[in-house]
Amino acid sequence: MTVPKVRQHPEHLEWVGKSIPRVEDPKFLRGRGNYIDDYEVPNMLEVAVARSTMAHAKILSIDTSAAEAVPGVVAIVTSENVADHVNPNPDFGPSPERHTWHCLAVDKVRYMGEGIAAVAATSRAVAEDAAELIEVEYAPLEPLTDMHEALEDDAPLVHEALGSNIPFQRNFVFGDVEGDFAAADVIVRDTLRWGRSGGQPLETVGAVADYDAATGMMTIHANSLTLTHFLFTMANTLRVPSNKLDIHPHPAGGSFGAKFWEVKTAIIAGMMARVTGRPVKFLQDRLDNIANGDHHGSDRYYEVELAARSDGTMLSVRYKVVDNYGAYIQFGVGQHGNSLAQAIGPYRMNSLQYDLTAVLTNKCQQGAYRGFGSEVGNWILERMVDLLAAELDMDPVELRRKNFIGPEEFPYFIPTGNVYDSGDYEAVLAKTLELFDYEGWRRRQAEMRAEGRHVGIGVCTCQERSVFSATEFWFWFDEPVAAPVTSAPESVTLRVDPMGAVTATLYSNASWGNSAETMVAQFVAEELGVHPEDVTIVYGGTSQGMPATGPGGSRFTIMASGAVEGAAQKIRAKAAKIAAHLLEANEDDLVWEDGGFVVRGSPDRRKELAEISLAAHMFKHSLPEEIETGLEAAHVQDHPYTTMPNPERTDLGVFYPFVGHASHMVVVEVDPETGRVEFLDYTAVHDCGTVVNPRSVGGQVIGGTVQGLGTTLYEEFLYDADGVLRTPSFAEYLIPSALDSPTLRVGHNETPSPYTPYGIKGGGEAGRMMAPSAICAAIDDALGIRIRRLPATPERIVEMVDAKD
Amino acid sequence: MSTHEINVTVNGAAASASVEARRSLVDFLRHDLGLVGTHVGCEQGACGACTVLLDGRSVRSCIMFAVQADGGDIQTVESLAPGADLHPLQEAFRRHQGLQCGFCTPGMLLRSLELINANPELSPEEAREGISSNMCRCTGYQYIVDAVLDAAAEMRGDTAGGDTASGDTASDGEEG
C-alpha cells in the first residue's frame with residue numbers, strides 16, 4: 001500500500017462531536033449488562049482450576065482420587081493428560097515450539113499460580129472443594145524472577161528447549177546514531193526501572209463452552225476474545241475444525257487490554273465441555289486473574305542515553321532495554337513495537353537505537369495493558385528530557401517546546417519508519433499552560449515552599465499512537481517472516497429494515513468500557529440521518545461473522561468509523577437507485593440530505609430512507625429488475641495506512657500512523673516523612689484529532705490518568721526471590737480509590753488526521769500513557785529527588801528522601 | 001453442609017429459601033433469585049461491586065452469608081427502575097457518563113443512594129469520600145462524583161438535573 005489520499009473532512013457534522021448520552025448505558029444502569037457470569041445454560045457445569053503453589057518445580061505425580069470422590073465432581077483434567085485433549089495455545093511469539101504453552105502446565109510448573117488441574121463439577125463451590133483435595137508431588141527447581149539473573153550463564157532454565165532464558169534479542173539502529181552522538185555537546189545517561197502492573201478490571205475473564213457431539217460444533221461465549229479474525233488458531237488448540245468453532249462476545253466489565261486476547265480461559269472451558277459432554281462455565285476468580293491471567297504489563301529495565309546540543313536541541317537517543325516477560329511470551333515482543341511507533345516522542349530527532357533483550361522467568365506472562373508498552377516508552381523518554389532540562393538548567397516546558405516537531409512538518413516520518421500523520425504540539429502545550437495557569441502555579445509554589453511545604457510541579461508532552469497494523473508484528477522476525485500477516489480489519493453490517501430502522505452488527509468483542517456502541521450509533525446517525533438512540537447494536541458470532549480485530553491499540557473508534565462509512569455508502573448507493581425510480585428522476589440529480597434523497601432544486605420531490613427501504617423490501621416488482629430485495633450492506637474496513645518493513649529492519653514501515661498528543665501538568669504536595677502524595681491540581685489537554693463524543697473522551701482521559709496514577713504510586717505485581725507472588729488480591733495490589741484520585745481539568749485540541757473518516761485519532765489509552773511522566777516530575781520537583789523506579793511507593797519515596805539527606 | 005430456611009424481603013417482595021450455610025448473599029441473589037445485577041469482583045470485600053442495601057445500609061454481599069440476611073430487607077439495583085423510567089440517580093449517572101464498562105455501577109448506585117438518603121445536601125468532598133468505599137477501574141471517579149451531586153440536587157428538588165454532560169461539546173471543551 002502506498003500513502004492513502006488526503007481526505008476532505010465535512011465542515012458540518014450533525015452527530016460526530018456531540019456529547020450525547022451513551023446508548024449502552026441504560027442496560028448497565030439497570031444491571032442488565034449481559035456480562036459473561038450473567039449467562040447460564042441448563043445442565044451447565046462449573047470449573048475451578050487447581051494452581052501451582054510452587055514457582056518452579058518438576059511435577060512428579062498428581063493424585064486426584066480424593067477430588068474425584070467429592071459428590072458433584074464430573075471430570076478432572078490434569079497436567080498429566082491435558083495434552084491428550086488439546087494442542088498448545090495460540091502463540092504469536094518467536095519460536096513458540098521452544099517455549100510451549102498449554103492451558104495447564106505440562107511436566108513442570110513455571111510460576112506460582114500456573115494451572116495444574118481443571119475440575120468440572122455441578123457448582124463452582126464443589127469444584128473448588130475438589131480442587132483443594134488434589135495432591136501434587138513436586139521436585140522443586142531453583143526459582144528465577146530477577147531479569148538480570150536470567151541472563152547469567154548458569155541461570156536455571158525456564159524452558160529447557162530454548163537453551164537459554166532469552167527468547168529474543170536484537171539491537172535495532174535507525175539512522176546515524178553514532179554520528180549524532182558524536183555531534184552532541186551533552187549526553188545525559190540514566191538507568192530506569194518500570195515495575196509490573198496490570199489492567200485488573202473489576203470483572204475477571206470467563207467463558208461458557210458447549211460442545212455438540214452431533215454436529216461437532218463448539219460454541220463458546222466469552223468476554224475476552226476480541227482478535228476475532230485470529231480465532232481460527234484456537235480451533236486448532238481445541239481440535240475442532242475452524243468452521244465448527246463459534247465464538248459469541250459478551251460485554252467486558254473492564255479490560256484495559258486484559259481481555260484483548262485471553263484464550264486460556266475459553267480453551268479450558270472448551271476442553272472440559274468436550275470431556276464432559278455438558279456445557280461448562282469457567283470464570284476466573286480474582287486470584288486466577290492476578291496470578292494466572294496472562295496479562296501482566298511491561299516489566300522493564302532501561303539504560304538510556306539522550307544526546308543534545310548545549311542549546312537543548314535533542315539529537316538522538318539510545319535505549320538498552322531488558323524486559324522480563326515471565327514464563328511465556330504469547331504476543332512476542334509486540335509491546336516494543338508500540339514503543340518503536342513513537343520512540344522519539346514529539347521531538348525532532350533523526351536517529352535512535354533500540355537494543356532489546358526479552359527474558360523469561362518464573363512469573364506470570366505479560367499481555368496487554370493500556371498503552372501496550374508505549375506508555376513505558378513515554379515515561380522513559382520524558383524522564384530523560386527532564387534530566388536534560390536539569391543538566392542544562394532549562395525550564396522543562398521551554399526545553400520541550402524548543403524540540404517539538406512543527407505543525408508544518410507533517411506527515412512526519414520518524415527514524416523507525418512509522419509516520420506521525422498530523423499534530424500541533426505547540427497548540428496543545430499553550431492550551432495546557434493556560435488551563436493550568438503554569439505561571440500562577442510557579443508563583444504559588446514559591447509561596448508554599450516559603451511556608452516549608454513540599455510542593456512540586458510536573459509537566460509532560462507525550463504521543464499516543466493509534467490503530468496498529470499487523471505489520472507491527474514483523475519486526476521480531478527475520479525475512480522471510482514466519483507468518484507475514486498484513487491484515488487487521490474491522491467489519492460492520494448495517495441493515496435498514498422495512499420501517500427504516502437501522503441495526504448495526506459488530507463482529508468483535510467491542511464493548512469493554514470504551515463506548516463502542518455509542519461510537520457506532522453516532523457514525524450510523526451521521527451517515528444515514530437517523531437518531532443515534534434509534535440504532536440497534538448487536539454482535540455477530542464468529543460462525544456468521546466477518547473479519548474483525550476489535551478494540552486494542554486505540555483502534556476501535558477509527559476502524560468502526562470506516563466500516564460504518566463504507567457500509568452506509570453501499571446502502572445509500574442502492575437507496576439512490578430506488579429513490580430515482582420512485583421520484584422518476586435521474587439518479588445523478590439526487591442529493592442525500594437529512595436522511596433522504598431529494599431532487600436537486602426541487603425540495604418537495606423527496607424520499608425518506610424509510611420510504612425507500614419499504615419499497616426495497618416489499619415492492620420488488622415495482623422496481624427496476626436488477627434491484628434485489630432488502631437494504632443491507634456490510635463493509636470490511638482494512639487498515640487505512642500500512643507500508644511494509646524492509647528486510648533489514650532498519651525501516652519498519654508505517655504501522656501505527658494516527659498519532660495523537662497530550663500534555664499533562666500536575667501539582668503535588670508530598671510529605672517527606674510518610675511519602676504520601678497529595679494532588680493539588682491536575683490539567684490534561686489531549687489532541688486525538690476530531691473528537692466524536694467529548695464527554696466520553698474526557699472520561700477515558702480521566703480514567704486512564706487515574707490508572708496511570710496507580711501505576712506510578714501503588715500498583716505492582718510483586719514476586720519475591722522465591723517466586724512467591726506477594727500481591728495476590730486487592731488487599732495487596734492497590735488500585736486507586738476515589739480519595740486517591742485528583743479532580744482533573746480536561747481540554748481537547750483537535751488536529752484532524754488527514755487519513756481517517758472525520759479526522760479521528762484514537763484516544764482510549766492516552767491518560768495512562770501520560771500520567772506517570774507528569775506525576776514523577778512533580779514529585780521530583782517537590783522533594784529534590786529523582787524517581788528512577790516505578791511504582792514510587794510511599795516507602796520508596798521516603799527511602800529516596802533519606803538517601804538524599 | 002447444613003441448610004437453613006431464610007425469609008427475606010428482596011426489592012419489596014417476600015422470598016423464602018433453603019440455603020446452604022456457606023451460601024454467600026451474592027450467590028443467593030444471583031443464582032437462587034436470578035438477580036444478576038449484583039456483581040462479583042473480588043470475593044473479599046475489597047472492591048464493592050457486590051454492594052447491596054440491607055435494611056437501608058450498604059453491605060458487601062460477597063462476604064456476607066445469605067443466612068445473615070434472614071429477616072432483612074434487601075435492595076438491589078433491579079429495584080431502582082422497575083418500570084420504563086430510570087431512577088433519578090441512574091439518569092444522573094447517564095447524563096454525566098458516570099460509568100464506562102458498567103460493572104461497578106450497580107454497587108456504586110446503591111452506595112450513592114445510601115449516601116444521598118443519609119445526607120441529601122452532601123458536599124463534593126463528602127460525595128468523593130463516600131464513594132471511596134467502592135472501586136471503579138474505568139472512570140477515575142470524577143464523573144461519578146458529578147453524578148452523585150447532581151442526583152442529590154435533583155432528588156431534593158433543587159434543580160432539574162441540568163445538561164452538564166453536554167456542556168463540553170465545543171472542540172476545546174473544558175471539564176472538571
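Two residues are in contact here if their C-beta atoms, placed from the backbone, lie within 7 Å. Keep that in your pocket for the exercises below, and remember that this is a predicted model.

**Exercise 1. Which residues does Leu149(B) touch, leaving aside neighbours within four places in sequence, and is Leu149(B) buried or exposed?**

Solution.
- Step 1: place the residue. Leu149(B) sits in helix H5 of chain B.
- Step 2: apply the contact rule. Once neighbours within four places in sequence are dropped, Pro124(B) and Ala127(B) are in contact with Leu149(B).
- Step 3: look at the backbone. Pro124(B) is 25 residues away from Leu149(B) along the chain, yet their C-alpha atoms are separated by 6.8 Å.
- Step 4: count. Leu149(B) has 22 C-beta neighbours inside 10 Å, so it counts as buried; the cut-off is 20 or more.

**Exercise 2. How do the axes of H3(B) and H5(B) cross, and which residues make the contact?**

Solution.
- Step 1: get the geometry. Helix H3 (residues 105–118) and helix H5 (residues 142–155) of chain B have axes that come within 10 Å and cross at roughly 45°.
- Step 2: name the arrangement. That angle makes H3(B) oblique to H5(B).
- Step 3: add the hand, which is right-handed for this crossing.
- Step 4: list the residues. H3(B) brings Met108(B), Ser112(B), Leu115(B) and Ile116(B), while H5(B) brings Ile144(B), Val148(B), Ala151(B), Ala152(B) and Met155(B).
- Step 5: sort them by class. You get eight nonpolar, one polar and no charged residues.

**Exercise 3. Where do the two domains of chain B lie in the sequence, and what does domain 1 of chain B present to domain 2 of chain B?**

Solution.
- Step 1: split the chain. Domain 1 of chain B covers 3–79 and domain 2 covers 88–165.
- Step 2: take the C-alpha centres, which lie 23 Å apart.
- Step 3: size up the contact. Domain 1 of chain B puts in 14 residues and domain 2 of chain B puts in eleven.
- Step 4: find the elements. On the domain 1 side, strand E3 (51–54) and strand E4 (57–60) of chain B are the ones giving two or more residues, and the largest share, three residues, is from E3(B).
- Step 5: class the domain 1 side. It has six nonpolar, seven polar and one charged residues.

**Exercise 4. How many residues of chain B are in contact with chain A, and which helix of chain B gives the largest share?**

Solution.
- Step 1: count both sides. The tally is 50 residues of chain B against 55 residues of chain A.
- Step 2: pick out the helices. On the chain B side, helix H2 (88–96), H3, helix H4 (124–131) and H5 each supply at least two residues.
- Step 3: rank them. H2(B) gives the largest share, four residues.
- Step 4: class the chain B side. That comes to 21 nonpolar, 18 polar and eleven charged residues.

**Exercise 5. Where is Cys688(A), and why does it count as buried?**

Solution.
- Step 1: locate it. Cys688(A) is in the loop between strand E27 (677–687) and helix H18 (694–713) of chain A.
- Step 2: count. Cys688(A) is buried because 31 other C-beta atoms lie within 10 Å.
- Step 3: check its contacts beyond four places in sequence. Among them are Glu464(A), Gly660(A), Val697(A) and Lys761(A).
- Step 4: compare sequence and space. Pro752(A) is 64 residues from Cys688(A) along the chain, with 7.7 Å between their C-alpha atoms.

How values were computed. Residues numbered from 1 in each chain as written. Chains lettered and ligands numbered in written order. Predicted model: local features only at pLDDT ≥ 70, side-chain atom pairs only at ≥ 80, totals over all residues. Domains from an automatic or database assignment. Nonpolar A, V, L, I, M, F, W, Y, C, P; charged D, E, K, R; others polar. Axes fitted to C-alpha atoms, helices over the stretch in contact; angles between N-to-C directions. Parallel < 35°, antiparallel > 145°, perpendicular 65-115°, else oblique. Left-handed = near helix turned anticlockwise from the far one by under 90°. Buried ≥ 20, exposed ≤ 12 C-beta atoms within 10 Å, placed from the backbone.
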